[in-house]
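Here is a friendly walk through the helix packing and the chain contacts of the model shown below. Keep the viewer open while you read.

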Amino acid sequence: MTVIANTLIVLTIVVGLIFTVVTVIGVLRLPDVYTRAHAASKSATLGVLSILVGTFFHFWFNEGYFSVRILLGILFLFITAPIGGHLMSRAAYFSGVKPTELTVGDDLAEVVERAKKEIK
Amino acid sequence: MMTFIWISLIIVIVSMFGMLYRIFRGPSTPDRLIALDAIGVMFISATALLSLLYDTGFFLDVILLLAVLSFIGTVSFSKFIEKGKIIEHDRNR
């Protein structure tokens with residue numbers, strides 16, 4: 001039983017570490033604020049969720065302690081991390097950061113232009 | 001098992017140093033904000049690995065506290081970048 005539990009813990013933590021390393025590579029290598037926000041918000045969230053699931057399994061299987069606090073932390077991170085990513089991309093767009101030259105389309109620009117005309 | 005958790009903790013801390021590079025050399029302010037938010041998320045995973053390492057459940061409150069503080073910091077920083085001020089005294093909006 002201990003071997004199965006330890007295998008499960010190690011597997012989930014390894015998945016979390018892979019996603020964390022992918023986050024760092026994405027943030028350091030991608031050319032743009034928006035692509036970096038994409039890398040940071042999604043992949044970092046999945047990495048920390050997987051590591052927290054591994055911790056939860058350790059306290060449940062090896063210690064016999066069903067930790068509700070880790071579940072609460074997982075739920076909170078799962079809700080708030082996409083909201084934070086969206087807010088940061090929106091702040092970057094409205095503060096005037098230009099996207100890279102590789103960008104094909106910008107759908108938000110037309111909506112912003114229309115809203116400005118309606119206000120005037 | 002202990003060796004594996006030490007190695008994973010070291011990997012997470014090295015990832016945090018990579019984010020520090022983006023904070024120092026970021027071309028714009030939203031770049032730095034994104035890296036700061038990712039560092040907050042990585043602090044949470046480092047705390048979880050520390051609680052595995054010391055085999056205690058007392059660090060689990062710190063996870064919740066760090067998650068709440070990181071979210072509040074992200075929201076207030078992005079509002080500051082977008083509008084230039086955080087708390088507004090304008091009642092006719």
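## Helix packing and the chain interface

In this predicted model, the axes of H2(B) and H3(B) come within 9 Å and cross at roughly 175°. An angle over 145° counts as roughly antiparallel, which makes H2(B) roughly antiparallel to H3(B). On the H2(B) side, the residues that take part include B:Leu33, B:Leu36, B:Gly40, B:Phe43 and B:Ile44. Their partners in H3(B) include B:Ile63, B:Leu66, B:Ser70, B:Phe77 and B:Ile81. Sorted by class, the contact of H2(B) with H3(B) has 13 nonpolar, seven polar and one charged residues.

Now for the helix pairs that bring the two chains together. Helix H1 of chain A covers residues 2-29, and helix H1 of chain B covers residues 2-25. These two helices pack at an angle of about 15°, with their axes 9 Å apart. H1(A) is therefore roughly parallel to H1(B), and H1(A) passes H1(B) in a left-handed crossing. From H1(A), the contact draws on residues including A:Val10, A:Ile13, A:Leu17, A:Val24 and A:Leu28. H1(B) answers with residues including B:Phe4, B:Ile11, B:Met19, B:Tyr21 and B:Arg22. By class, the residues of this contact are 13 nonpolar, five polar and one charged.

What is the angle between helix H3 of chain A and helix H3 of chain B? Helix H3 of chain A (residues 68-94) packs against helix H3 of chain B (residues 60-83) at about 15°, and the axes are 9 Å apart. H3(A) and H3(B) are therefore roughly parallel to each other, and their crossing is left-handed. The contact of H3(A) with H3(B) contains 16 nonpolar, five polar and four charged residues.

The three helix contacts can be set side by side by residue class:

| Contact | Nonpolar | Polar | Charged |
|---|---|---|---|
| H2(B) with H3(B) | 13 residues | seven residues | one residue |
| H1(A) with H1(B) | 13 residues | five residues | one residue |
| H3(A) with H3(B) | 16 residues | five residues | four residues |

Let us step back to the interface as a whole. In total, 42 residues of chain A are in contact with 41 residues of chain B. About 3700 Å² is buried between chain A and chain B, and carbon and sulfur atoms give 80% of that area.

How many salt bridges are there between chain A and chain B? The count is three, and the structure also holds three over all chains. In one of them, the side chains of A:Arg36 and B:Asp31 meet at 2.5 Å, N to O. A:Arg36 lies in helix H2 of chain A (residues 33-62) and B:Asp31 in helix H2 of chain B (residues 29-54), so the pair joins two chains. Another salt bridge links the side chains of B:Glu82 and A:Arg90, at 3.7 Å from N to O.

Definitions and conventions
Residues are numbered from 1 along each chain as its sequence is written. Chains are lettered from A and ligands numbered from 1 in the order in which they are written. This is a predicted model: local features need pLDDT of at least 70, side-chain atom pairs count only at pLDDT 80 or more; totals for chains, interfaces and linings use all residues. Side-chain values use heavy atoms; hydrogens and water are left out. Axes are lines fitted to C-alpha atoms, for helices over the stretch in contact, and angles run from 0 to 180 degrees between N-to-C directions. Helices (H or I, at least four residues) and strands (E, at least two) are DSSP runs, numbered from the N terminus. Angles under 35 degrees count as roughly parallel, over 145 as roughly antiparallel, 65 to 115 as roughly perpendicular and the rest as oblique. A crossing is left-handed if the near helix is turned anticlockwise from the far one by less than a right angle, and right-handed if clockwise. Contact means heavy atoms within 4.5 Å. Ala, Val, Leu, Ile, Met, Phe, Trp, Tyr, Cys and Pro count as nonpolar, Asp, Glu, Lys and Arg as charged, and the others, Gly among them, as polar. Buried area is the accessible area (1.4 Å probe) that two parts lose on being put together, summed over both. A salt bridge is a side-chain nitrogen of Lys or Arg within 4 Å of a carboxyl oxygen of Asp or Glu.
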